[in-house]
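User: I have just opened this one and would like a walk through it. Could you take me through what stands out, topic by topic?

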Amino acid sequence: MNNFIYDVPTKIYFGENAVDNLNTEIKNYGKRVLLCYGGGSIKKSGLYDTVIAQLKKAQCEVFELGGIEPNPRIDSVREGAKICKKENIDVLLAVGGGSTLDCTKWIAAAAKVDHDAWDFFSKWADVDSALPVLTVLTLSATGSEMNCGGVISNLETKDKIGRLARPLLPKASFLDPTLTYSVSKYQTACGSADIMSHILEVYFAPTQDMYMLDCFMEGLMKTVIKYTPVALDNPSDYEARANLMWASSWAINGFVKAGKQHEWSCHPLEHELSAIYDITHGLGLAILTPRFLRYCLNEKNVDKYVQFGVNVFDIDKSLPKMEIANLAIDKLADFFFNTLSLDDTFTKVGIKREDFKLMAQKACEGGTIHGFVDLDAKDIEKIFEMCI
């Protein structure tokens with residue numbers, strides 16, 4: 001395996017009433033705060049009032065950017081950066097799910113440059129620094145609370161692009177599982193599909209790496225499979241919500257990646273779905289992932305599927321390898337589409353065949369995704385066809 005450096009210094013406050021630590025933590029970064037949030041659910045739940053009380057306790061001056069969208073837009077990044085520059089913001093506080101957190105991270109970067117925020121994605125402009133970001137998480141899904149990534153959409157160009165940049169890593173995140181009690185069944189299901197996909201993108205690698213990391217990923221997946229149905233049946237089950245929240249963070253904080261060098265495959269495919277159709281990210285991943293795995297299965301890589309099927313779904317290891325592999329894919333699909341009750345085809349969510357060619361070309365940038373199995377535009381179109 002390859003050498004690697006693991007360094008994720010985000011401070012995590014985990015547990016009920018974790019937000020009570022906000023007032024002491026934010027003092028380390030300044031007094032002028034930009035509070036970023038989404039459509040207003042934090043006001044209905046009372047979380048907004050709790051956060052404001054904490055900021056007042058820290059004697060902060062608070063400015064606000066509300067209305068951050070799912071699949072966050074570059075326009076929101078621009079607006080937030082404008083406020084930061086005008087008001088001399090010291091620190092940003094994101095309160096919400098992954099979309100709010102991603103948007104806030106890129107606002108923090110855009111506030112430090114003179115060029116347009118979209119240059120970070122269209123021209124791959126350097127991210128040399130960013131304002132400090134703290135987060136209060138309300139949805140277990142993207143893992144943005146403990147990584148340096150963020151995905152932004154541009155409706156004008158119909159692009160959705162993700163990027164990592166170390167200055168975007170949150171300084172501290174407050175994870176209270178009780179804040180996810182009010183998350184709908186649909187969003188809980190989509191969030192769990194997202195967590196599973198983050199793990200699977202790394203687990204299904206073209207080379208065999210550390211056994212320890214495979215065991216860790218298998219444990220994370222079994223955790224999601226065990227506790228999502230519990231959370232769906234009883235939204236206020238603390239153990240279930242806590243397990244999903246912590247699994248979300250560790251699925252994509254860089255730990256399981258170690259020295260792996262391959263590209264992710266399903267995420268760039270799904271980004272094209274969201275860019276054009278603005279569907280929920282986790283839903284798109286749920287539809288794509290079983291088809292991707294089925295398309296990539298062959299005699300050379302079947303052992304990885306066997307490992308997955310036996311260790312995650314307890315399939316009888318004495319069965320023929322190909323039978324185990326296909327059963328494993330079937331069980332994953334059953335989890336997504338029956339246990340989680342997510343739509344199982346592009347047709348059901350309105351994605352049309354006429355866009356396949358364009359989406360496939362953009363997903364691989366006209367070349368090849370060097371992932372678990374190399375995919376060019378033709379391969380991607382075939383996977384899209386399997387999703388109809």
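**Cysteines, strands and empty spaces**

Analyst: Let us begin with a cysteine: C387 is buried, with a relative accessible area of 0%. Please keep in mind throughout that this is a predicted model.

User: Which cysteine sulfur is nearest to that of C387, and how far away is it?

Analyst: The nearest cysteine sulfur belongs to C266 and is 8.8 Å away, and C387 is in no disulfide. A disulfide needs two cysteine sulfur atoms within 2.5 Å, and by this rule the count of disulfides comes to zero.

User: And what is the nearest cysteine sulfur for C103?

Analyst: For C103 the nearest cysteine sulfur is that of C36, which is 6.7 Å away, and C103 is in no disulfide either. C103 is also buried, with a relative accessible area of 0%.

User: You mentioned C36, so what does it stand opposite in β3 and in β4?

Analyst: C36 stands opposite L65 in β3, and in β4 the residue opposite C36 is A94. The pairing of β2 with strand β3, which covers residues 61-65, is parallel and has five bridges. With strand β4, residues 91-96, β2 again runs parallel, and five bridges join the two.

User: Is β2 largely enclosed or open to the outside?

Analyst: Strand β2 spans residues 32-37, and five of its six residues are buried, so this strand is largely enclosed by the rest of the structure.

User: What else touches C36, say from a helix?

Analyst: One residue to look at is T104, which sits in helix α5, residues 98-110. If its neighbours within four places in sequence are left aside, T104 is in contact with C36, I68, L92, A94 and V133. That list includes A94, the residue of β4 that stands opposite C36.

User: Is T104 buried or exposed?

Analyst: T104 is buried, and its relative accessible area is 0%.

User: Changing topic, how many cavities of 30 Å³ or more are there?

Analyst: The structure holds four cavities of 30 Å³ or more, and the largest of them has a volume of about 70 Å³. In general, empty space of this kind is found by rolling a probe the size of a water molecule over the atoms.

User: Which residues line the largest cavity?

Analyst: The lining of the largest cavity is made of L139, S140, T180, Q187, T188, G191, S192, I195, R241 and L244. Helix α7, residues 185-203, and helix α9, residues 238-251, each supply at least two residues of that lining, and α7 gives the most, with five residues. Sorted by class, the lining of the largest cavity has three nonpolar, six polar and one charged residues.

User: What about the volume and lining of the second largest cavity?

Analyst: The second largest cavity holds about 50 Å³ of space, and the residues lining it are S197, L200, E201, F204, C266, T289, F292 and L293. The elements that give two or more residues to this lining are α7 and α11. The lining of the second largest cavity divides into five nonpolar, two polar and one charged. One of the lining residues is C266, whose sulfur is the nearest cysteine sulfur to that of C387.

User: And pockets, how much space lies in the second largest pocket?

Analyst: About 170 Å³ of space lies in the second largest pocket. Of the 14 residues that line it, A205, P206, T207, Q208 and K304 are the closest to its centre. Helix α12, residues 302-313, provides the largest share of that lining, with three residues. By class, the lining of the second largest pocket divides into four nonpolar, four polar and six charged residues.

User: Last topic, the backbone: what is phi of N17, and where is N17 found?

Analyst: Phi of N17 is near 65°, a positive value in a residue other than glycine, and N17 lies in the loop between β1 (11-14) and α1 (22-26). N17 is partly exposed, with a relative accessible area of 45%.

User: And the same for D278, what is its phi and where is its place?

Analyst: For D278, phi is near 55°, again a positive value in a residue other than glycine. D278 has its place in the loop between α10 (266-277) and α11 (281-296), and D278 is partly exposed, with a relative accessible area of 37%.

Conventions: Residues numbered from 1 in each chain as written. Predicted model: local features only at pLDDT ≥ 70, side-chain atom pairs only at ≥ 80, totals over all residues. Heavy atoms only, no water. Buried < 20%, exposed > 50% of the residue type's maximum accessible area, 1.4 Å probe, protein only. 1 Å grid on protein atoms, 1.4 Å probe; cavity = no way out; pocket = protein on both sides within 12 Å on 5 of 7 lines; lining within 4 Å. Points joined across faces, edges and corners; volume = space filled by probe spheres on them. Helix = DSSP H or I, 4+ residues; strand = E, 2+ residues; numbered from the N terminus. Nonpolar A, V, L, I, M, F, W, Y, C, P; charged D, E, K, R; others polar. Pairing = 2+ DSSP bridges. Contact = heavy atoms within 4.5 Å.
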